[in-house]
Amino acid sequence: MTAETTMKTKVYAALSADKPLQLFEIERRAPRETEVMIEILYCGVCHSDLHQARNEWHNTKYPCVPGHEIVGKVVQAGAQVKKFKIGDVAAIGCMVDSCGQCDACKENLEQHCKKTATFTYNSKDRKTGENTLGGYSQRIVAEESFVLRVPENLDLAAAAPLLCAGITTYSPLKRFKVGKGQKVGVIGLGGLGHMAVKFAKAFGAHVVVFSRSHSKEPDAKRLGADEVIISTDKAEMQKHAGSFDFILDTVAADHDINAYMEILKREASLCLVGAPENPLAVEAFSLIFQRRNLAGSLIGGIQETQEMLDFCGKNKITSDIELIKIDEINQAYERLLKSDVKYRFVIDMQHLK
Ligand code: NAP
Ligand code: ZN
């Protein structure tokens with residue numbers, strides 16, 4: 001295969017915002033000099049996949065092939081590729097390229113590239129200008145510098161969600177220096193939330209889960225939570241007023257963040273990683289009276305993603321998953337909307353033939 005040739009590739013794609021995902025065929029280019037082609041074994045299902053398949057962020061180009069929690073094997077490598085050889089296990093997260101020149105890229109924060117990172121799907125390929133197509137796919141091509149190594153001791157299917165849910169929670173917990181002696185809250189026990197609990201616990205914090213559902217309480221404790229607060233119980237919330245050092249908000253839908261601002265300590269932060277479709281209302285008083293901070297965080301850079309994967313290898317951390325076949329993806333989306341997932345769907349790609 002030369003650089004100009006392409007390979008027919010089966011995918012699952014959304015062809016419009018109001019249609020279920022369906023089997024579709026695309027062309028993948030052969031890897032260029034510094035690129036690898038990966039045969040995909042597993043791909044996690046992130047709530048961002050659903051937001052974008054259904055155009056909830058109002059920027060989706062169709063056909064849209066979601067998927068940015070990708071683990072597979074290298075099947076082709078360009079002549080200049082140094083990090084990988086054919087047959088190696090390799091992983092791709094939310095980005096496949098960036099400008100490499102701006103301040104953000106030079107500080108290993110490619111997700112904040114001034115010229116916009118090339119995201120794994122629904123983004124503009126900086127070489128071809130085409131719309132990028134993600135991991136619900138037999139294979140994918142990416143710059144080797146954006147391809148990660150998975151520690152050998154980790155189960156590959158359960159490691160896939162680390163590529164987004166993992167790094168998205170690890171990065172802000174690190175940035176806000178979560179550790180021993182701190183009381184840390186995690187709002188929402190879903191894909192991101194359950195990883196946040198595992199990391200906050202591993203960093204030594206006292207971890208409190210906010211869930212709407214009593215049914216997740218035993219799981220929250222098993223995952224490492226010291227306490228579970230049912231967030232709809234106002235009296236219970238008020239008992240914790242002014243007591244949290246940090247709260248990570250992973251909620252994917254409309255919700256009231258002011259109740260959470262009130263339970264932060266003076267000058268403490270609530271960091272949003274959840275990305276609901278509609279704007280959230282913020283009460284000025286919940287911020288100004290105790291000069292609290294409302295922050296945000298977007299995935300993590302490539303170097304930090306590798307650091308997180310290595311940390312997971314050392315500490316035997318993976319995601320709790322439910323393995324599905326790709327033709328079950330539309331049911332999985334419906335279950336995601338009902339928060340009926342324990343705690344990440346991962347597609348076993350061997351059925352996409
Ligand atoms: P998920 O598995 O669906 O989990 C979201 C959790 O939020 C649910 O399990 C549920 O927890 C809670 N929740 C859902 N609807 C709610 C509502 N109406 N009110 C209050 N709580 C609600 O989703 P995910 O894959 O973890 O993704 C979460 C969000 O993060 C999505 O918006 C996604 O797009 C975003 N995201 C952001 C980044 C980033 O870089 N910032 C990266 C990846 C994903 P309980 O049942 O326990 O209440
Ligand atoms: Zn994601």
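Strand 2 (22-29), strand 6 (95-97) and strand 8 (139-143) each give at least two residues to the lining of the second largest pocket. This is a predicted model. Two sites are covered here: that pocket and the surroundings of ligand 1.

**The second largest pocket**

- The second largest pocket holds about 390 Å³ of space.
- Its lining has 23 residues, and Arg28, Arg29, Asp125, Thr128 and Glu130 are the closest to its centre.
- Sorted by class, the lining of this pocket has 11 charged, six polar and six nonpolar residues.

**Where ligand 1 sits**

- Domain 1 (3-164 + 318-351) and domain 2 (166-296) both contribute to the shell around ligand 1, so the ligand lies between them.
- Helix 1 (47-53) and helix 5 (191-202) each provide at least two residues of this shell.
- Helix 1 gives the largest share of the shell, with three residues.

**Who surrounds ligand 1**

- There are 29 residues around ligand 1, and the nearest are His47, Ser211, Lys216, Ile299 and Arg344.
- The shell around ligand 1 divides into 13 nonpolar, 12 polar and four charged residues.

**Polar contacts and cover**

- Ser211 places a polar side-chain atom 2.7 Å from an oxygen atom of ligand 1.
- Leu192 has a polar backbone atom 2.8 Å from an oxygen atom of ligand 1.
- Val273 has a backbone N or O atom 2.9 Å from a nitrogen atom of ligand 1.
- On its own, ligand 1 has 920 Å² of accessible area, and the protein covers 91% of that.

Conventions: Residues are numbered from 1 along each chain as its sequence is written. Chains are lettered from A and ligands numbered from 1 in the order in which they are written. This is a predicted model: local features need pLDDT of at least 70, side-chain atom pairs count only at pLDDT 80 or more; totals for chains, interfaces and linings use all residues. Side-chain values use heavy atoms; hydrogens and water are left out. A residue is near a molecule or strand if one of its heavy atoms lies within 4 Å of it. A polar contact is a pair of N or O atoms within 3.5 Å; within protein, one must be able to donate a hydrogen and the other to accept it, and residues adjacent in sequence count only if both atoms are side-chain atoms. Accessible areas come from the Shrake-Rupley method with a 1.4 Å probe; for residues, only the protein chains shown count as cover. Helices (H or I, at least four residues) and strands (E, at least two) are DSSP runs, numbered from the N terminus. Ala, Val, Leu, Ile, Met, Phe, Trp, Tyr, Cys and Pro count as nonpolar, Asp, Glu, Lys and Arg as charged, and the others, Gly among them, as polar. Domain bounds come from an automatic or database domain assignment. On a 1 Å grid over the protein atoms alone, a cavity is a set of points where a 1.4 Å probe fits but cannot get out, and a pocket is an open set with protein on both sides within 12 Å along at least five of seven lines; lining residues have an atom within 4 Å of a point. Grid points are joined across faces, edges and corners, and a volume is the space filled by probe spheres set on the points.
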